[in-house]
Every structure is written in C-alpha cells, then in structure tokens.
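Trainee: Got a minute? I'd like to go through this one with you.
Mentor: Sure, pull it up and ask away.
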Amino acid sequence: MTCQARSSYVSSEIKWGYRFTPVLTLEDGFYEVDYNSFHEIYETSTPSCSARELAEMTARSRLPLSWSVASKLSQLDEPSERNGDLANMENESKV
C-alpha cells in the first residue's frame, strides 16, 4: 500500500539527514496507522552536503593535488616527439 502526502515546509522545519518513523503496519491482514508516532523522526546516515557537492568533491579527489611545470612540459614534449618520429618515418618511406 502506498501513502502519499503533499505539504509545504518552511526552512526551519526541514531536518537534513532525518526520516519520518514508519506509521503504517500490517496487522492480521489489515493495515493499521499509528498516529502516536506520526510526527516522530529518526536520524539516518546522510552526507552533510548535497549530492552535487559530494560528486564534485569526489571528482576533485581523483585529481593530483600538485604538479610541477617541468612534469607538464615533459608530458607535452613526448607526444610531439612521437608525432615527429612518425612524420620522419612517413617521409623516409616515400623516398
């Protein structure tokens, strides 16, 4: 059975990382609602940031924390040398 409600909340009423306590149970083939715990909430394991912020932090953690200019230049030189070698090989094969 599905129970849905539509409501509006002000920001002071929103609790991050909490859920409502289940109030619907199945007793002897009938659904029973416990209105005594209708407003009760319980804390869940939730990140302290939004899903977007969590994804951005995860992406940043995969990047190197520091790099040197020399290491970046050496990475740039390698492909051009390889391309030059390939160009030289192509020119030599045409001769």
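Mentor: One term before we start: two strands pair if DSSP finds at least two bridges between them. Also, keep in mind that this is a predicted model.
Trainee: OK, so how many bridges join E2 to E3?
Mentor: There are 4 bridges between E2 (residues 24-27) and E3 (residues 30-33), and the two strands run antiparallel. Leu 26 sits opposite Tyr 31 in E3.
Trainee: And what do E2 and E3 form?
Mentor: A hairpin, with 2 residues between the strands. Asp 28 is in the turn and has a positive phi of about 50°.
Trainee: Switching topic: where is Ser 37, and is that residue buried or exposed?
Mentor: Ser 37 is in the loop between E3 and E4. Its relative accessibility is 8%, so Ser 37 counts as buried, the cut-off being under 20%.
Trainee: Which residues is Ser 37 in contact with, leaving aside neighbours within four places in sequence?
Mentor: Thr 21, Pro 22 and Val 23. Ser 37 and Val 23 are 14 residues apart along the chain, and their C-alpha atoms are separated by 6.4 Å.
Trainee: What about the largest pocket, what volume does it have?
Mentor: About 720 Å³. The lining has 22 residues, with Ala 5, Tyr 9, Phe 20, Phe 38 and His 39 nearest the centre. By type, the lining divides into 14 nonpolar, 4 polar and 4 charged residues.
Trainee: Last one: which element has the lowest mean pLDDT?
Mentor: Helix H2 (residues 69-94), at 53, while strand E4 (residues 41-43) has the highest, 93. Where pLDDT is low, don't read the predicted coordinates in detail.

How values were computed. Residues are numbered from 1 along each chain as its sequence is written. This is a predicted model: local features need pLDDT of at least 70, side-chain atom pairs count only at pLDDT 80 or more; totals for chains, interfaces and linings use all residues. Side-chain values use heavy atoms; hydrogens and water are left out. On a 1 Å grid over the protein atoms alone, a cavity is a set of points where a 1.4 Å probe fits but cannot get out, and a pocket is an open set with protein on both sides within 12 Å along at least five of seven lines; lining residues have an atom within 4 Å of a point. Grid points are joined across faces, edges and corners, and a volume is the space filled by probe spheres set on the points. Ala, Val, Leu, Ile, Met, Phe, Trp, Tyr, Cys and Pro count as nonpolar, Asp, Glu, Lys and Arg as charged, and the others, Gly among them, as polar. pLDDT is the predictor's confidence in each residue, from 0 to 100. Buried means under 20% relative accessible area, exposed over 50%, partly exposed in between (1.4 Å probe, protein chains only). Contact means heavy atoms within 4.5 Å.
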